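Hello,

Here is the structure I promised to pass on to you. Please open it next to this email, and follow along as I go through what turned up.

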Amino acid sequence: MYNIILAKSALELIPEEIKDKIKKSRVYKYDILDSNYHYRAMENLKDKEMRGRPDIIHISLLNILDSPINHEKKLNIYIHTYDDKVLKINQETRLPRNYFRFLGVMEKVLKGEKNPLIKMEEKTLEDLLNDINAEKIALMTKTGKLTHPKYLKGYDTFIIGGFPYGKLNIDRKKVSGEIEEISIYNKGLMAWTVCGIICYSLSF
């Protein structure tokens with residue numbers, strides 16, 4: 001089995017400190033932070049450049065769930081969020097294609113409503129890596145060692161940043177597995193593209 005983790009993902013409920021600055025509209029009625037609609041309220045929010053992009057998670061998950069490696073049930077899928085929640089996505093999840101329906105599902109999960117296909121826990125990224133016994137971990141970065149996709153099968157766990165800008169920091173001393181920073185292209189790629197390349201490279 002392989003593990004794929006979207007880490008520090010820009011998927012979270014609207015933080016309490018800015019709730020009073022946000023008015024719900026008929027277009028966007030969800031309690032999920034989205035910089036497209038909440039950019040003014042986010043002006044003084046910590047790490048604002050990393051947050052409020054649930055669309056990244058939506059598109060990435062659609063790519064992952066429809067990949068051959070997932071259909072073959074050889075993939076564990078995890079979303080680690082900015083505020084240290086971990087969502088384990090069942091391989092058979094049929095995610096809504098519509099973005100707003102996706103937000104509705106995620107809002108319920110993040111608020112603690114039980115979903116048989118998406119389980120949530122409070123957990124750091126380091127704890128997650130240890131709990132799943134990740135041994136050879138590929139941390140995908142644009143500055144990592146350039147590696148041809150055909151060599152990705154040598155890793156058991158893949159970490160992709162689920163945010164638009166910023167750097168993913170991992171406390172390596174707290175992780176028992178070996179972490180290697182790698183890149184699969186000489187330029188930065190969107191998270192969903194990296195997910196697609198990884199998933200298809202593992203299948204063929």
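The expected span of a helix is 1.5 Å times one less than its number of residues. Keep that rule in mind for the first item, and please also remember that this is a predicted model.

Helix α4

How well does helix α4 agree with the expected span? Helix α4 covers residues 99–110, which is 12 residues, so it should span 16 Å, and its end C-alpha atoms are indeed 16 Å apart. At the N-terminal end, Asn98 acts as a cap: one of its side-chain oxygens lies 2.9 Å from the backbone nitrogen of Phe100. After the helix comes Gly112, which has a positive phi, near 100°.

Several residues of α4 are buried: Tyr99, Phe102, Leu103, Gly104, Met106, Glu107, Val109 and Leu110. Here is a bit of background that may help you read that list. An α-helix has 3.6 residues a turn, so residues three or four places apart point the same way. Among the elements that cover the buried residues of α4 are α2 (54–65), β3 (85–89) and β4 (118–122).

The sheet

Next, look at the strands. Seven of them form an open sheet with mixed pairing, in the order β4-β3-β2-β1-β6-β5-β7. The edge strands, β4 and β7 (178–183), each pair on one side only. On average, neighbouring strands of this sheet are turned by 25° against each other, direction ignored.

Strand β1 (residues 2–9) pairs with strand β2 (residues 75–81) in the parallel sense, over six bridges. One place to find this pairing is Ser9, whose bridge partner in β2 is Thr81. Two helices are worth finding here. Helix α2 lies across β1, β2 and β3 and runs at about 175° to β2. Helix α6 (residues 191–203) packs on the sheet as well, touching β1, β2, β5 (136–146) and β6 (157–161), and its direction makes about 165° with that of β6.

Strand β6

Is β6 enclosed or open to the outside? Five of its five residues are buried, so β6 is largely enclosed by the rest of the structure. In a regular strand the side chains alternate between the two faces of the sheet. In β6, both faces are covered: Thr157, Ile159 and Gly161 are buried on one side, and Phe158 and Ile160 on the other.

You can also trace the pairing of β6. β1 and β6 run parallel and are joined by five bridges, with Ala7 opposite Gly161. β5 also pairs with β6 in the parallel sense, over three bridges, and there Ile137 stands opposite Thr157.

Cysteines

How many disulfides are there? The count comes to zero. Cys195 is in no disulfide, and its nearest cysteine sulfur, that of Cys199, is 6.3 Å away. A pair of sulfur atoms must lie within 2.5 Å to count as a disulfide. Cys195 is buried, with a relative accessible area of 0%, and Cys199 is buried with a value of 0% too.

Two residues with positive phi

Finally, find Lys8 and Asn133. Lys8 is not a glycine, yet it has a positive phi of about 50°. Lys8 sits in strand β1 and is partly exposed, at 25% relative accessibility. Asn133, also not a glycine, has a positive phi of about 55°. Asn133 lies in the loop between α5 (125–131) and β5, where it is exposed, with a relative accessible area of 59%.

Enjoy exploring!

Notes: Residues are numbered from 1 along each chain as its sequence is written. This is a predicted model: local features need pLDDT of at least 70, side-chain atom pairs count only at pLDDT 80 or more; totals for chains, interfaces and linings use all residues. Side-chain values use heavy atoms; hydrogens and water are left out. Helices (H or I, at least four residues) and strands (E, at least two) are DSSP runs, numbered from the N terminus. Buried means under 20% relative accessible area, exposed over 50%, partly exposed in between (1.4 Å probe, protein chains only). Contact means heavy atoms within 4.5 Å. A polar contact is a pair of N or O atoms within 3.5 Å; within protein, one must be able to donate a hydrogen and the other to accept it, and residues adjacent in sequence count only if both atoms are side-chain atoms. Two strands pair if DSSP finds at least two bridges between them. Axes are lines fitted to C-alpha atoms, for helices over the stretch in contact, and angles run from 0 to 180 degrees between N-to-C directions.
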